[in-house]
Amino acid sequence: MLHHVSQLYLPGAVPLWGALVFAILAVWGYSLVLRGDESARVFARRAYTFFALAVTLASLVLVIELVRRDFRVEYVFQYSGLDLPIHYQFAAFWAGQKGSFLIWLLWGSLLGLGVMRTAGKAEAPVMGIYTLTVMALLFILVRENPFVMLGNTPLDGEGLNPLLQDDWMVIHPPIMFIGYALTAIPFSFAMAALWRRDFKDWAARAFPWTLGAFLVLGAAILMGGYWAYKTLGWGGYWGWDPVENASLIPWILSVVLLHGLHLERTKGRYRRANFIVATLMYLAVLYGTFLTRSGVLADFSVHSFVDLGISGWLIALMATFAAIPAVLFVTRWKQIPVVRNEDPLLSKGAFMVLSTIALGVSALVITAGTSAPLLTKYMENPGQVGPDFYNRVNLPIALLVALLLSLVPFLTWRGTPLAKVARKLVVPSLISLAVTAATVAMVVRDPFHAIFIFLAILALVTNLQKTFQRASAQGLGAAGGWLSHVGVGVILLGFLASSAYDQSTKVTLTQGEPTAVGDMEMTFTRFIPRQGREKERMEVKVVRANGEEFFTYPKLFLNERTRQVMANPDIRSSPFRDLYVSPIEFDPGVQPGAPKTVQLAAGETLEIGERTIRFAGFNLLSQARGGAMAALQRGEQISVGAMLEVVQDGQVGTAQPTYAFAQSGLVNSQPTALPGGGTAVVSGINANDGKVELQIFGLGGVEVEPARLSIDVTKKPLIQLVWFGLYVILAGGLLSMWRRLRQAREYDDVAERVAVAKQGR
Amino acid sequence: MTKMLNKKTTTYALGVLLLAAFAGFSLYAFQDTLTPYVSYEQAKEKQQVVQVAGVLQDNASTYDSSTGLLYFTLEDEATGETLPIRYEGLKPANFEEAISIVAIGRYDADTGELAANKLLVKCPSKYQGAEVKEYS
């Protein structure tokens, strides 16, 4: 909804409105340039720069408001609090919907400054379209303004969701949004190329940006996986949740686009497809945003996004950014130059096309699975599909991709005879066969798994070989793509091992009693109370079958603000497996010296030790005008005594422990000595049935019970391969990026010299 | 020339066939793994994995540490119906504060409980935009 000026925090809202004005001016300026008015270029650039500055200013204002803890601002009130450490004050920026759109807009507007400089001749249409894409986010923010103020000034904010109070929260979301922002850039280049009917160099210019999107989204996905695995205790790194899928689909499409652009640059092929893929990658981001932010999946996702009332907007956005390419495709389709496909099947080109189709199909089925609640919306019982769906449909695709990857290092653009490929495959196949046979000898029983392992290792070996060949012949930069393929082989092995071969046991440990868990012996040794920022931990001693001893420290602690019990796993990593210890429940038991707790109504007695304690009734100690309730409502403190009679050996003594309370919830209760030893504390009173709750210390009467800890112990073999594989994939991408940037600089130098020469003429 | 063309046509036809087969396979997997959202009555009738939503009745749950099972009852706020749930696993961190709990599992007619293998917990709206832990 739109807000009245008086409801807005103007130092933040004014820059946002200003940004909108500058964005409109930039689009207008670039449209003048498109119509041939070259003098408007400087104006358009300035307008865009001011737009980026205004967005930066608005973001800075939000940061300052969060750090100042200015709870007048609703967003600050909702996500910040007095108890929040400084790094979470920053993280609160993207804890809510509005802030996450703002950070997306911020990255988008800043990246545009780079696009402006690298778009070359296509600057006007590229920047025109690109500004529209960022402006779309700005529209949402002007509507759902993060600078809305509350009518009052609360003393404290509601604080950050304890689940989000994690170091990963500080870094993972903003990086993800850089990735999202980057996907709009290849899209803008594609639209501009279609608009100008200039199909020559867009692929070269869009490539580094696509590579950037691939790298950043990949890094963000890696961090999300770490977060889920290491601290959230989800047990795994990937849950096929809609929010996770929303980032995976554009990432897969970025891989498709990278290969497509490579084909286009080197062979002039795949042009039409590239335009479609670039469009789909951007639309996938918008669609994912729609699915996860509109509330349509509210009952289906663990990431509980609530409808902000922006579904209509998001649908309109998707329609707009689908209509623009649709019109351009229809009007330009015939003019896109097509190079006829004459590649034999066993050629680099054909394999690249095949693997992009395989990956495209994977993106499609993941999209379909994520959309299940929408697809089945009008059926009798709408539903969703579980992780099983994604695993099943992606398995054949993974096998096919592994097969293609295994062979592609031996193929040339022109095609390679089968006999030659076969000859080169002999050694790698033998290596892979040997390793596969070893795994079958050890654990693997499923024949599909054996095939999977064989192909993954084959891909790993052949691409590793190729990486070394390339790196020694043409330098490391030229080997990036091949290195990424090695990573794919590694990660596939990690996926299989960690998902199909993990062993999980739930066990309850009694403090001090060694318990056998699989081939290990585990003992819950002690509970370690909170120390400063270090949360409450459980210490568990583990003795492995080989005699190795170590301690793990799963955490189970209470968030005081929300009274939520939080659990963090502890992971013991060794080269071949992780031992994942996840706390389930902690029962503190009854420790020696613990008080006897009892509830007594007036007249009731408690036999404890050799004494009898009788509760005679309450004694209102406060001089409460108009009665206790009225005094409470005035905010006064009420003090009540519990009259106790203690009988021991026929002797009667009295004691009166007191209990003071106020409506604010404040309670003050002092231990009172009992005649003959021991102390009593009133731990609560129940006004309805006139009962008092007493804690009696030092008189025994309680049975000591040991503490118990329930844990989930999982052995996850080779899970390190998942992380390592993704690192290798991204390292390959970084190498390629490094090389492209160097090339681009040379390219620009040449272009500049040509331009200067032209001007000189 | 025609021979080459034929070969090409065969390759394409094979590709289309493969894609069609995969489409069929995916559709089957989709239907097979679809867990429909049902009412408590339907959950008791259906012999398949379903999901039900509701609020935690009496804000109460019991955890049996010897079996690792969590027991609680979901209540449909609209109809007042209830359904006992048996869940194997951790009690979600924000379980008691949840405004809605979704349980995914299969009805066990022997015990009259829904044997859930996954819980989705919705937090109060002040955590909108926040991630909620998944327990599967």
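Colleague: What percentage of the residues of chain B count as buried?
Modeller: This is a predicted model, and burial in it is judged by whether 20 or more other C-beta atoms lie within 10 Å of a residue's own. Applied to the 136 residues of chain B, that criterion gives a buried share of 37%.

Colleague: In which order do the elements of chain B run from the N terminus on?
Modeller: Chain B holds two helices and six strands, and 46% of its contacts with a separation of 6 or more are between residues 24 or more positions apart. Read from the N terminus on, the order of the elements is α-β-α-β-β-β-β-β.

Colleague: Over which residues of chain B does pLDDT stay under 50?
Modeller: For the complex the predictor gives an ipTM of 0.80 and a pTM of 0.86, while chain B has a mean pLDDT of 79, with 83% of its residues at 70 or more. One stretch of chain B, for which the model nevertheless has 47 contacts beyond four places in sequence, stays under 50, namely residues 125-136.

Colleague: How many residues of the side of domain 1 of chain A that touches domain 2 of chain A are nonpolar, by class?
Modeller: Domain 1 of chain A covers 1-161 and domain 2 covers 166-385, and their centres, taken over C-alpha atoms, are separated by 24 Å. The contact takes 26 residues from domain 1 of chain A and 27 residues from domain 2 of chain A, and on the domain 1 side α4 (86-91), α5 (97-118) and α6 (123-143) each supply at least two residues. By class, that side of domain 1 has two charged residues, seven polar residues and, as the number asked for, 17 nonpolar.

Colleague: Why does the distance between the end C-alpha atoms of helix α7 of chain A agree with its number of residues?
Modeller: Helix α7 of chain A, residues 167-196, is mostly covered, with 22 of its 30 residues buried, and just after the helix A:Arg197 takes a positive phi of about 55 degrees. Because 30 residues at 1.5 Å a residue should span 44 Å, the expected value agrees with the separation of the end C-alpha atoms of α7, which is 46 Å.

Colleague: Which residue of β17(A) does A:Ala660 stand opposite?
Modeller: Strand β16 of chain A, residues 658-661, runs antiparallel to β14 (residues 638-648), to which four bridges join it, and there A:Gly641 stands opposite A:Thr658. β16(A) also pairs in the antiparallel sense with β17(A), residues 667-669, over three bridges. In this second pairing the residue opposite A:Ala660 is A:Asn668.

Terms used. Residues are numbered from 1 along each chain as its sequence is written. Chains are lettered from A and ligands numbered from 1 in the order in which they are written. This is a predicted model: local features need pLDDT of at least 70, side-chain atom pairs count only at pLDDT 80 or more; totals for chains, interfaces and linings use all residues. Domain bounds come from an automatic or database domain assignment. Two residues are in contact if their C-beta atoms, placed from the backbone, lie within 7 Å. Ala, Val, Leu, Ile, Met, Phe, Trp, Tyr, Cys and Pro count as nonpolar, Asp, Glu, Lys and Arg as charged, and the others, Gly among them, as polar. The expected span of a helix is 1.5 Å times one less than its number of residues. A residue is buried if 20 or more other C-beta atoms lie within 10 Å of its own, exposed if 12 or fewer, and partly exposed in between; C-beta atoms are placed from the backbone. pLDDT is the predictor's confidence in each residue, from 0 to 100. Two strands pair if DSSP finds at least two bridges between them.
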